[in-house]
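Biologist: Please take one strand of this model and go through it closely. I would like to know what it pairs with, how it is enclosed and what its side chains meet.

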Amino acid sequence: MESGKLERNDLLEITSATVKSVSPLELSSTIITQITSFKESDLAGDLAKRAGNIPRKEVAVKKLSELSLTDAEFDAFGRVLKVWDEKEFTRQDGKKGKVASMLVSDGTRQLRVVLWDKNADLLQRAKIGDAVKIESGYCKQGLNNDIEAQVGWKGRVV
C-alpha cells in the first residue's frame, strides 16, 4: 500500500490473519500474515465469478472547477503549484496531529488541498509541478470563505 500500487476496488487475499472483532469485522496481521492484491481483470473462472459478487465502491472523478461544498467524497487530478510547511498540533484528547497544505491546479481551477496526519507527510517530498491524484477527498469552507479540498483518514494523495 505504501508504494501507491494498491488502488480502490483491488481485490485482496489475506491469509493467516487473526480476527480481532466480528462486528465490525477487523483483521489483525501477524508475522506470518500474507496479503496479495489482484486486479479483477486478471482473474478467471470461479475466482472471477466470486470476485464479481463483491460490492465495488465507485467515487466520482471530478475536475477541480466542478467541486462544491456538497462534495463529501471525490477523486481528482492536478499539479502542485505551491507547498506550505507541515504543522503539528495537539487535539482536545491530547493526541498529536499533523496538517499541511498545497495549492493544486488542473487547468480549470486552483484549489488549496489540506492534508491531515499521515497524508501530510507526502508534502515533505512533493515538488512544484508534480502530478497528484486526490483519492476520497471532501470539500469544506476554508480560509477567506474559499472552498478547500480536505484529505483525511479515509483519503490519500498519490
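Modeller: What follows is an account of strand β7 and its surroundings, with a short look at a loop residue afterwards.

The model is a predicted one. Strand β7 covers residues 96–105. Eight of its ten residues are buried, so the strand is largely enclosed by the rest of the structure.

Three pairings involve β7, and they can be taken in turn. With β5, which spans residues 74–83, β7 runs antiparallel, and four bridges join the two. Within this pairing, R79 has S105 of β7 as its bridge partner.

Strand β6, residues 87–90, also pairs with β7 in the antiparallel sense, again over four bridges. Here E88 is bridged to K98 of β7. β6 and β7 make a hairpin in which five residues separate the strands. In that turn, G94 has a positive phi of about 90 degrees.

The pairing with β8, residues 110–116, is antiparallel too, and seven bridges join β7 to β8. One of the residues involved is V99, whose bridge partner in β8 is W116. These strands likewise form a hairpin, with four residues between them. G107 takes a positive phi there, near 95 degrees.

On the side-chain level, β7 is among the elements that give two or more residues to the largest nonpolar core; the others are β5, β8, β9 and β10. This core has 22 residues, and M102 is among those that touch the most other members, together with L67, F74, V113, L115, L123 and V157. In soluble globular proteins, nonpolar side chains tend to be buried together.

M102 deserves a separate entry. Leaving aside neighbours within four places in sequence, M102 is in contact with V80, K82, V83 and W84, and with L111, R112, V113 and L115. L123, V132 and V157 complete the list of its contacts. Among these partners, V113, L115, L123 and V157 are themselves named with M102 as core residues that touch the most other members.

V157 also leads to the loop residue. N119 lies in the loop between β8 and β9, the latter being residues 131–141. N119 counts as buried because its relative accessibility is 7%, below the cut-off of 20%. Apart from neighbours within four places in sequence, N119 is in contact with V151, G152, G155, R156 and V157. A polar atom of the N119 side chain lies 3.2 Å from the backbone oxygen of G155. V157 is thus listed as a contact of both M102 and N119.

Conventions. Residues are numbered from 1 along each chain as its sequence is written. This is a predicted model: local features need pLDDT of at least 70, side-chain atom pairs count only at pLDDT 80 or more; totals for chains, interfaces and linings use all residues. Side-chain values use heavy atoms; hydrogens and water are left out. Buried means under 20% relative accessible area, exposed over 50%, partly exposed in between (1.4 Å probe, protein chains only). A polar contact is a pair of N or O atoms within 3.5 Å; within protein, one must be able to donate a hydrogen and the other to accept it, and residues adjacent in sequence count only if both atoms are side-chain atoms. Contact means heavy atoms within 4.5 Å. A nonpolar core is a set of buried Ala, Val, Leu, Ile, Met, Phe, Trp, Tyr and Cys residues joined through side-chain atoms within 4.5 Å. Two strands pair if DSSP finds at least two bridges between them.
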